[in-house]
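Thanks for sharing this one with me. I have jotted down some comments for you to read alongside the model.

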Amino acid sequence: MGFVTVTHPFHPLRGRRLEVLFVKRRAGDSVFVCSGGVGGQMTVPRSWTDRGEPPQGRRLSAEGLADLFAATRAIEGC
């Protein structure tokens, strides 16, 4: 099956290359079962690897965050 590299920005193994043992379907997407981890295997979603879709790279602006904060407060009734 080859190898995948973990690309998720907050994953503790980010940048690490993992050997893929097999692929399975979970919640309508693929996950890789890789060698490693506490029990000898670990599962990594495809989207968290170099085989997933590249991140959109879009971030909220300061104005967008302020609008989101205002909307959240309005919903909460504060």
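The points below go through a few residues and strands in turn.

1. A reminder before the details: this is a predicted model. Please read each of the values below as computed from that model.

2. Let's start in the loop that joins strand S2 (17-26) to S3, where Ala27 sits. Ala27 is worth a look on your screen: its phi is positive, about 55°, although the residue is not a glycine. Is Ala27 buried or exposed? Its relative accessibility is 84%, and the cut-off for exposed is over 50%, so Ala27 counts as exposed.

3. Next comes Asp29, which belongs to strand S3, spanning residues 29-35. With a relative accessibility of 24%, Asp29 falls in the partly exposed class. That class lies between the 20% limit for buried and the 50% limit for exposed.

4. Which residues does Asp29 contact, once neighbours within four places in sequence are set aside? They are Lys24 and Arg46. The Arg46 partner deserves a closer read: the side chains of Asp29 and Arg46 make a polar contact at 2.9 Å. These two residues are 17 residues apart along the chain, and their C-alpha atoms are separated by 7.5 Å.

5. Ser30 is also in strand S3. Its relative accessible area is 14%, and because buried means under 20%, Ser30 is classed as buried. Leaving out residues up to four places away in sequence, Ser30 touches Val23, Lys24, Arg25, Pro45 and Arg46. With one of these, Arg25, there is a polar contact between side chains, at 3.4 Å.

6. Now for the pairing of strands. S3 and S4 run antiparallel to each other and are joined over five bridges. If you would like a landmark for the register, Val31 stands opposite Pro45 in S4. Five residues lie between the two strands of this hairpin, and in it Gly36 adopts a positive phi near 125°.

7. Finally, how do the side chains alternate along strand S4, residues 41-45? Met42 and Val44 point to one face and are buried. Gln41, Thr43 and Pro45 point to the other face and are not buried. Pro45 therefore turns up in three of my comments: it is on the face of S4 that is not buried, it stands opposite Val31, and it is among the residues that Ser30 touches.

How values were computed:
Residues are numbered from 1 along each chain as its sequence is written. This is a predicted model: local features need pLDDT of at least 70, side-chain atom pairs count only at pLDDT 80 or more; totals for chains, interfaces and linings use all residues. Side-chain values use heavy atoms; hydrogens and water are left out. Helices (H or I, at least four residues) and strands (E, at least two) are DSSP runs, numbered from the N terminus. Buried means under 20% relative accessible area, exposed over 50%, partly exposed in between (1.4 Å probe, protein chains only). Contact means heavy atoms within 4.5 Å. A polar contact is a pair of N or O atoms within 3.5 Å; within protein, one must be able to donate a hydrogen and the other to accept it, and residues adjacent in sequence count only if both atoms are side-chain atoms. Two strands pair if DSSP finds at least two bridges between them.
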